[in-house]
Structure formats: structure tokens, C-alpha cells
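Reader: Hey, I'm new to this one. Could you walk me through it?

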Amino acid sequence: MTPAWLAVFAGYDDAALVALGNAGLLRRARKDLAGGEVSLASESPDEVVVACGSAVVRLGPKGPVAASCSCPTAGVCQHVVAACLWARERPDGSSPGPVADDGGTGAVDGGAVGGGGGRGTPAGAGPAEAADAPSPLAALLDLSPAAVCRTAGKVAVRRVVERLPSVLLAGVAEGGNGITDACDLAIDGARLTISWPSGGPSTDVVFVAPAGYGGMVVAGRSTAADQAAARLEAVVRVFAREGRAWSWPHEIEVERSGELTTAQRAGLEEASAVVGHVVGAGLSHLGADAADALRGAAGRARLVGLLLLHRLLLVAAGLVDGLASRDDDVTEADALGALAEAWALAAALRDAPAGALPDLVGAPTRRGRGTRADEDDERPGRLVPLGVRWWRAASGARGMTLTAWDQEHGVVRTATAARPSGADPAFRRDVDLPMLWGSSVASVCAGPFTLEGPEVRPDGSLSVTSRTRRVEGGGFDVEELRTIAGRLQDTATTGEVGFGRAARRVRLVMVRETGAVGVEEVRREVTWPVTAADGTTHVLRVAVDQERSVEALLSVVASRRPVVAVLVEREPGGGADEPVGIFLRDGTGGLELFSPSMSPVYRTAPGWTAMRRLTARIAALRKASTTTHVAEPVDRGPVVRVCEPALEVVDSLGATGRRRLTGWQHEALATRQRLARDLGMATVERTVADLLADPTTENVLRARFVLGRALALTGR
């Protein structure tokens, strides 16, 4: 006997099926149905199996959204649409008869709310039954907010809360007068289409009364997470439009109020305890279990929504793991700095005011959600790509960062695509992968562009979501690059100093001539001198361990193509000047952007054979087992004179686990305390004084964070 729930499919008219797939799938599915290729294979109270040619489609009570097919096509295929057509036409289980193949989409133009087109009436329903059928709008408004949020999941709820306009959030919380511009509604029989603008193309969600919330269809191809958020947002917008009150889960309400949940506070206590235990034992005496404990605390932080703390703990775990495995490239100072930053974030979260909590939690809240004027202020203008840098973090995370110039606002913008350690093997260093706004890195770096529906993150960087559409804006122009170089002459920075963030200094150098590539064996760096248009020579450096970047740079030099400009970035802490983007003349006289860490190597370069001796030296240096770093003399400012000697003492305490100062350590800290007082550095003075009075693990961590942050703010 055919299960009663099969009648749910009768509410999905042609317009709903087009939203589920597309017009082409519907047209091909009609041909399959008309050709007799769709038939009932088996049925049970919980499942109906439909044979569509060589494929098998399984239908369930949740409607077309939950249908599955045995064919290898990802997402919705023509077999699923054909099975839905079969179920819609034969809800009583009778044998299929001939179906007209009109070759069209059958899409229906839904009427406005209050209109009532009859095309969406369930098959077999007479006029009286159609009149008695509940309105899909009334059925949607009968949904329970608690049940809907529970079905959508916490991730979808958080995404909807953070991207809904503040006016709409306030209105839906109170109820009363409806917000008419919350969304557009169109009713056609049992189908309700909900639409609203989302920066670019509008978002369309179809609700079919018999199928309920679980059967809502999101038009267009998107991920499961995007679909869950769109379904929830559609329901909330309808409630707001109709003046109905909407209640969020208690945990979400607590987050919106600017308070931490009980679970989050427990996660903070666990993180602080684990970090304190690791540092208290002495970083020079760690075993493999220390990194595992940090990863466990990181997992707990992620589960309770402390995303930024999760990332910092993973970075610390990666460095601690390197120490435990005796990695020569990881020092106790690096690990202690990462642990101190995670500990300080946990301490800041415990006492954070309501306004600062979202940034410290790390939720992807986007700025410019208030008024239209605020959104226009945040919206980037014409963007000129300047370079792309591939990177790998100590935690094992990997990613790429695009640096671009925003002409309208006159600032440097960045956009980062990344994956955590071990996640998404398909995400790799490849310029042809769609990493940025659904476009490949190669196409993004082909010339200036604008963004439709851009999303700006709290730190000012651009989200790389595929919801944003990139619009090409022509090719590169030398005069435009010269103007940008003038604006960046005083060395701009990307990003802000903060938890998990370090500003990188950037400048664009207009090149007059380039010198020969060399190797500094002591520093283990490949050097490339370039002379700017003003006659200044800049020595650009790439570490020999960055094999891909070194090979790409050598191929650029071997190609003998004219270099027009170079984007130079310098990491904080006195790092080397690194070439991130190189503008070259192409064969037609135009400009091409080449990024050494991402772009393919010019393996057919005419001068490549001349590089054989140099590449042999680099290869031999790369195999060397020892690394020697020689610090260049720099102008030490007063902040450096206070912080660096004090940091040496703090790092020694963290490495050994000793909680008693030696005579030399006490004298060094006392001297720096007096100097900090003379310079008016009250926070540094107080921190060093606490460490002098009682060198506990907590005071060591606090001193490491404060001193390190002071140096970071000076760009050292």
C-alpha cells in the first residue's frame, strides 16, 4: 500500500522543482517520465523506491530535499526530479499513464500574497478540497521557533543571527508591527516563495505546506550549511514581515546579550588550567602528551563557540609538539609566546565587557550591519590585486592571503582562504582552484575587479565566501601602480595587532632595474636586489627552505622579462623583505602579476641553464643540518631596550620551569622596571614588578604576553 506521506510531493509544482534543480533538469526529467523510464520498484511505510532508467531513487516523508539517488551526480540530478514528478502525479500508487512532454520548464509565476493561483493545488484535489487546504503562509507561521532552531542547528542559527540586519532582529524580537521589506512573498496553491536581496542575486526559498520546514527548497546550488541557514533565515524573515515574535535558543540569547554561557566559562577554565600546567612543567621538559592536552582544550573551546581561543590553542599545540619532537626550527620562546597569547585571551574573555565579547570570541560577525550608510562605508571599492602569499602556520593550518589596494578608501585590503590541519585534502597550492569568491586565484590576479555583495570581517579583511560575486574591471595600468606606490611609500600595514593577528608591513616598489640573484649562506636566504625609481636599492630575501618560492623567483629572473613593480612584505619582529607580488611585462606590452609562492614556475625560461650553479648551491644549503641566524644591527628604540632583556628572563623561566629568580635575572628585571617607569610605560612596569615580587606561572604568562604585545605594537 502506498504510504500517505507520498501526497507531500503533490505540493511541489514545476516552479518548486525548478528551484530544487533547474529548468534543464526538469525538462530532461519530463522526457524520462514520458518515455516510460520511471517506475515503482518497491514501497514500505518509511520509503518508496523508484527506478529511473539505471538509477534508483529513494523517496521519504521529508520530500524532495531528502531524496537520494544511486547515480554518481553530486546534489540534485534528473533522476531525483523525475521521481518527484512521478510521485506528484501518482500519489495514490496507480500505474503511470502517458505524460505530455511539452519540453518547457512548467515554471509558474506565483501571485502576490493573498492571490491564490491554482497550479500548485495537489494533484487529484477538487475545487472544494483546494478551498479547504490550509494557506502555506498560515502553515509556515504555525511553525514553532524552538523546533525550527533545533532542526536548523547551532551553526545555522549563529550564521543567521550575525547576518540579519539589526533593525530586523529588533523587530522580530518584539513582534507587533510587521516589517514589510523583510522579504517578498508569492503564493501559488500549496507553494510559498520567499525572496529577499542578499547583496548580489536575490535568495529564493520555497515552502510547501504539506512538507513543512524540513521540505523547504533553497534555489540554486549551495552547500548544506548554506541551505540550512537560508531556510532558517527565510522563516525568520516571514515572521518579521507578518509581525510575529521570534525567540532564539537560550544559548544564542546569552551570546547576543554579551555574556558568556556556563559551558564557555568552563571551556575558559580548562584552557587556562592546561596552559598553566604545560608552562609550569617547563617547556624544555615537555613530552608528547602536552600537545595532546592542548588539542583537547582546543576541541572543547570549539564545541562551546570560542573559535578564536580554539585557533590560538591549536597554534600553541603545534609549537609544543615541535619542541617535544626536538624540531630545531621551534624555540621555547616561540612556544611560550603562543601559550601566553592563548592564556591572555582566556583571561580577557572572563572579564570582557559586552561590546568586546564578539571580537574576542571570534564569531565571524561582519561589520556594517546597521544602516545603509554604514554598509556603504564598509563596502570595498575597485580592488587592484598586488600579490598572493601561500603560508603554513605552526598549528598545521595552511592557506593563502590576497593583498589588494582599495582605490575608493585608499587602504590595503586582504582576503584569506585557509583550512585547519588535516582538513580538506583538495585544498592545495594551485592557482586554478576556486579559492576566492568562487573564482580561481589566477583569474582574480588577472586584473582589477569589484565585488558584488562583499562581506567584511571584524578585522577589516574580506570574506572569500562564494555568496560574493567578482566583477572584472580591466587590466593593470602602470600609472595606477605608480599612484599606489606613492600612497604606500610610508609603509602601510595589513591588518591590526591583536589576538591571533600580526600586522605585516607592505609597500609597492616601482622598479628601475634588478640585480643578480645571490645566496647568503649564513642567513640561509636567497637575495634579489632591486633598484627603485628613486634610486634606492632594496634587497629582497626568500628563505632557502621555501623551495617553491625560491624556484619561482629564479624562473622570473631567468625569463629575462622586464620587472615593473614588486610588492614587498615584512613580517613583524624585524623579518626580511619578501617579494610577494611581481608585476612583469608580457609579450603584448601589458602587465602580468606573478606571485612567487603561488604562481607556476617558468620552466621554459631562456636563461634557466645559467642558473644551474646557483640552484646547486641552494640545494646543498637546503640539505645542511644546521641553521645559523645572525642578527643585523638595528636602531633599538626605548621600548625595545625595556622589553627584549626582560623577555630573555621570562623565556628562561618558561623554558626551565624554575620559579625562583637568580641574582642576574632579578637585577635585569629591576633595571627594566625602573626604565619602564621613567618612560611612562605603566602596564609594563606593573607587570615586571609583579614578576619580581612573585615569579609564579601566572605572572610568567602575563609578563610574556604584555612584553610581546608591546614589541608587536612597535613593529619589532
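Author: Sure, here is a quick tour, from the whole chain down to single residues. Keep in mind that this is a predicted model.

Reader: Okay, start broad. How many helices and strands does the protein chain have?
Author: The chain has 24 helices and 22 strands.

Reader: And what share of the residues is buried?
Author: Of the 716 residues in the chain, 48% are buried. The accessible surface comes to about 32200 Å², and carbon and sulfur atoms account for 50% of that.

Reader: What about contacts between residues 24 or more positions apart?
Author: Among contacts with a separation of 6 or more, 64% are between residues 24 or more positions apart.

Reader: Let's zoom in. Which residues touch the most other members in the largest nonpolar core?
Author: They are Leu-294, Leu-306, Leu-309, Leu-313, Leu-339 and Val-684, in a core of 67 residues. Helix α14, residues 332–350, gives the largest share of this core, with eleven residues.

Reader: Take Leu-309, then. What is it in contact with, leaving aside neighbours within four places in sequence?
Author: Leu-309 is in contact with Leu-268, Ala-271, Ala-301, Ala-342 and Leu-345. There is also another core apart from the largest one, with 43 residues, including Trp-390, Trp-405, Val-478 and Leu-593.

Reader: Switching to strands: how many residues of β11 are buried?
Author: Nine of nine, for a strand that spans residues 398–406. Side chains in a regular strand alternate between the two faces of the sheet. In β11, one side has Arg-398, Met-400, Leu-402, Ala-404 and Asp-406, the other has Gly-399, Thr-401, Thr-403 and Trp-405, and all of these are buried.

Reader: Which strand does β11 pair with through Trp-390 and Met-400, and how does it run?
Author: That's β10, residues 383–392, which is antiparallel to β11 and joined to it by nine bridges. Trp-390 stands opposite Met-400 in β11.

Reader: And what about β12?
Author: Strand β12, residues 411–419, also runs antiparallel to β11, with nine bridges joining the two. Leu-402 has Ala-415 in β12 as its bridge partner. The hairpin of β11 and β12 has four residues between the strands, and Gly-410 there takes a positive phi near 65 degrees.

Reader: What order do the strands take in the open sheet of four?
Author: The order is β1-β2-β3-β4, with antiparallel pairing. At the edges are β1 (38–43) and β4 (68–69), each of which pairs on one side only. β1 and β2, the latter being residues 48–52, are joined in the antiparallel sense by five bridges, and Ser-42 stands opposite Val-49 in β2.

Reader: What does UniProt list for residues 55–88?
Author: An unreviewed UniProt entry lists them as "domain: SWIM-type". In this model the span is 32% helix and 21% strand, and its end C-alpha atoms lie 19 Å apart.

Reader: Last one: where is Asp-226 found, and is it buried or exposed?
Author: Asp-226 is in helix α9, residues 224–241. Asp-226 counts as buried because its relative accessible area is 17%, and the cut-off for buried is under 20%.

Reader: So what is Asp-226 in contact with, leaving aside close sequence neighbours?
Author: Leaving aside neighbours within four places in sequence, Asp-226 is in contact with Arg-159 and Arg-467.

Methods
Residues are numbered from 1 along each chain as its sequence is written. This is a predicted model: local features need pLDDT of at least 70, side-chain atom pairs count only at pLDDT 80 or more; totals for chains, interfaces and linings use all residues. Side-chain values use heavy atoms; hydrogens and water are left out. Buried means under 20% relative accessible area, exposed over 50%, partly exposed in between (1.4 Å probe, protein chains only). Contact means heavy atoms within 4.5 Å. Accessible areas come from the Shrake-Rupley method with a 1.4 Å probe; for residues, only the protein chains shown count as cover. Two strands pair if DSSP finds at least two bridges between them. A nonpolar core is a set of buried Ala, Val, Leu, Ile, Met, Phe, Trp, Tyr and Cys residues joined through side-chain atoms within 4.5 Å. UniProt positions are given in the numbering used here, feature names are shortened, and annotations may be inferred rather than shown by experiment.
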